[in-house]
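Hi,

Here is the structure I promised to pass on. Have a look at it first, and my notes follow below.

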Amino acid sequence: MSVNIDNGLTVDSETPDKAIEVIKLIAHHEEEGKKRREYAESEAKLIISEATEKAEKSAAFEKAKADEKIRKVKELTEQKGRELAINILTQVNEECEELKQNARENKQEALTAVVERIVNEWR
């Protein structure tokens, strides 16, 4: 006598040993599947861990490069700022000296003009 199980297997009732063998075979395959799944999960965790470590190293390297660029730009900016300040101070000093020289040259004329104004006010 044969019995048809829902999944399509036909088990002969006269041979229960075969049914036991089929059950053992199924259990064996399920165990293999479980081991493969566990192995795949551990491999996935390892891959993720390695990728994370690589990404962190890469990010640290890129940050160090960016920090170095920022330092160089800052240094260059400070240097250019000092040069610009020196140029401005030099220009201002030259203009001051020029104004002083003009004032010295026109001193007599300025005094004469002041004295004339004072005298004219008193008259």
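**What turned up**

Let me start with burial: buried residues make up 0% of the 123 residues in the chain. Keep in mind as you read on that this is a predicted model.

The accessible surface of the chain is about 11,700 Å², and carbon and sulfur atoms account for 59% of that. As for secondary structure, you will find two helices and two strands, running β-β-α-α from the N terminus on.

On confidence, the chain averages a pLDDT of 89, with 88% of the residues scoring at least 70. Helix α1 comes out highest, at a mean of 95, while strand β1 (residues 2–4) is lowest, at 51. The usual caution applies: where pLDDT is low, predicted coordinates should not be read in detail.

Next, the nonpolar side of things. Which residues form a nonpolar patch on the surface? They are L84, I88 and V92, and together they offer about 260 Å² of accessible area. L84 belongs to helix α1, which covers residues 16–105. Its relative accessibility is 51%, and since the cut-off for exposed is over 50%, L84 counts as exposed.

Now for the charged pairs. How many salt bridges does a search of the whole structure find? The search gives seven, and here are some of them.

One pairs E53 with K57, whose side chains meet at 3.4 Å, N to O. Both sit in helix α1, and because they are four residues apart there, about one helical turn separates them. The two ends of this bridge fall into separate classes of exposure: E53 is partly exposed, at 41% relative accessibility, whereas K57, at 56%, counts as exposed.

Further along, K63 and D67 form another salt bridge, with 2.8 Å between the closest N and O atoms. This pair is also in helix α1, with a spacing of four residues, or about one turn of the helix. D67 has a relative accessible area of 38%, so it is partly exposed.

Then there is E68 with R71, a salt bridge at 2.5 Å, N to O. Here the spacing in helix α1 is three residues, so the two are again separated by about one helical turn. Both partners are partly exposed: E68 has a relative accessible area of 33%, and R71 has 39%. This bridge does not stand alone, as salt bridges that share partners join E68, R71 and E75 into one network.

If you want places to begin in the viewer, I'd go to helix α1, where the mean confidence is highest. Try the E68, R71 and E75 network and then the patch of L84, I88 and V92. I'd leave strand β1 for later, given its mean pLDDT of 51.

Happy to talk it through once you have had a look.

Cheers

Definitions and conventions:
Residues are numbered from 1 along each chain as its sequence is written. This is a predicted model: local features need pLDDT of at least 70, side-chain atom pairs count only at pLDDT 80 or more; totals for chains, interfaces and linings use all residues. Side-chain values use heavy atoms; hydrogens and water are left out. Buried means under 20% relative accessible area, exposed over 50%, partly exposed in between (1.4 Å probe, protein chains only). Accessible areas come from the Shrake-Rupley method with a 1.4 Å probe; for residues, only the protein chains shown count as cover. Patches are made of residues with over 30% relative accessible area and no salt bridge: like charges are joined within 9 Å, nonpolar side chains (Val, Leu, Ile, Met, Phe, Trp, Tyr) within 5 Å. A salt bridge is a side-chain nitrogen of Lys or Arg within 4 Å of a carboxyl oxygen of Asp or Glu. pLDDT is the predictor's confidence in each residue, from 0 to 100.
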